[in-house]
Amino acid sequence: MVVWLALVLSYGGKEPVVDVDIESWMHELVEKLRDSFKDRLALVGLQGSRARGEARDGSDIDAVVLVDNLSCDDLAAYKAVIASMPCADIACGFISSLDLLAHWPRYDAFNLVKDTRVYHGSFDFMDTNFTHEEALLSAKTGASAIYHATVHALVFDEDSLAPTLDACVKSSFFVMRALRYADGKPYPASRAALREDASADELALLDAHDGSAPAHEALAQLLISWSEGVLTGQ
């Protein structure tokens, strides 16, 4: 999946990076990718917390790269470019070909497109006028993944409960955004924008992301009940 269940990454004891100039970093990435892929480079963008101005110390740099007729050799070339970048250890993201993304399931492409700040190229090769039904399917797909992951960890894999809850709390943000769009409201640009009309459960999940999480069992119960509500429309 492009965005739904966020990966919880361990940096193996490395010191967090606190001084990334993301604008300079992205412009350097664009120039290096232009050198590597020439006219085949269709889009370079940034998504995630750094694109929204919500990054914390050591937050991932989530780059989005689209290359025409992407091959396995191109993946190796992209890997080399990333390795040459400053703070390469916190770089991650999505790379694809134009044709593949144009055929990507629309409920999943919804959040990729909506969450990406473009630095080079555009999404003009595909239809970005997502319907309310596509956004609702995106929200329900995300909610079902959250429900399943939380229940599985709670019942079968308690040792993974803490990182699973963290990932599900992060993913709930994208579900909330999709729900707003499905309801005909503006797509929220940030967590702060979501707070303006958030329900009590949504506020609790946003607070959990910001460091005010309840005990694991209580947070798991909140995620389960909230995701059930999204799926049933209640």
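What follows is a chat about the sheet, one helix and the aromatic rings of a predicted model.

User: What kind of model is this?
Analyst: The model is predicted.

User: How many strands form the sheet, and in what order?
Analyst: Four strands form an open sheet, and the order is β3-β2-β1-β4. The pairing is mixed.

User: Mixed between what?
Analyst: Strands of a sheet pair through backbone hydrogen bonds, and the pairing can be parallel or antiparallel.

User: Which strands stand at the edges?
Analyst: Those are β3, residues 91-97, and β4, residues 117-121. Each has a single partner strand, so one side of each is left without a neighbour in the sheet.

User: By how much are neighbouring strands turned against each other?
Analyst: On average by 15°, with direction ignored.

User: Back to β4. How many bridges join β1 to β4?
Analyst: Four bridges join them, and the two strands run antiparallel. Strand β1 covers residues 41-47.

User: What stands opposite R117 of β4?
Analyst: L46 does.

User: Where does helix α1 lie?
Analyst: Helix α1, residues 22-37, lies across β1, β2, β3 and β4. The helix runs at about 160° to β1.

User: New topic. How many aromatic pairs are there?
Analyst: The count comes to six aromatic pairs. One of them is formed by F94 and W104 and is edge-to-face, with 5.4 Å centre to centre and 90° between the planes.

User: Where in the chain are F94 and W104?
Analyst: F94 is in strand β3, while W104 is in the loop between α4 (98-102) and α5 (106-114). They are ten residues apart, and the pair links distant parts of the chain.

User: Is F94 buried or exposed?
Analyst: F94 is buried, because its relative accessible area is 12% and buried means under 20%.

User: What about W104?
Analyst: W104 is partly exposed, at a relative accessible area of 22%.

User: What sort of aromatic pair do F123 and F125 form?
Analyst: Their pair is tilted, with 6.5 Å centre to centre and 40° between the planes. F123 is buried, with a relative accessible area of 8%, whereas F125 counts as partly exposed at 29% relative accessibility.

User: Which residues do ring pairs link into a cluster?
Analyst: The cluster consists of F110, F130, Y181 and Y187.

User: Last one. Which ring does the charged end of R191 sit over?
Analyst: The charged end of R191 sits over the ring of F173, 4.2 Å from the centre of that ring.

Conventions: Residues numbered from 1 in each chain as written. Predicted model: local features only at pLDDT ≥ 70, side-chain atom pairs only at ≥ 80, totals over all residues. Heavy atoms only, no water. Pairing = 2+ DSSP bridges. Axes fitted to C-alpha atoms, helices over the stretch in contact; angles between N-to-C directions. Contact = heavy atoms within 4.5 Å. Phe/Tyr/Trp six-rings, centres within 6.5 Å; stacked < 30°, edge-to-face > 60°. Buried < 20%, exposed > 50% of the residue type's maximum accessible area, 1.4 Å probe, protein only. Lys NZ or Arg CZ within 6 Å of the ring centre and 35° of its normal.
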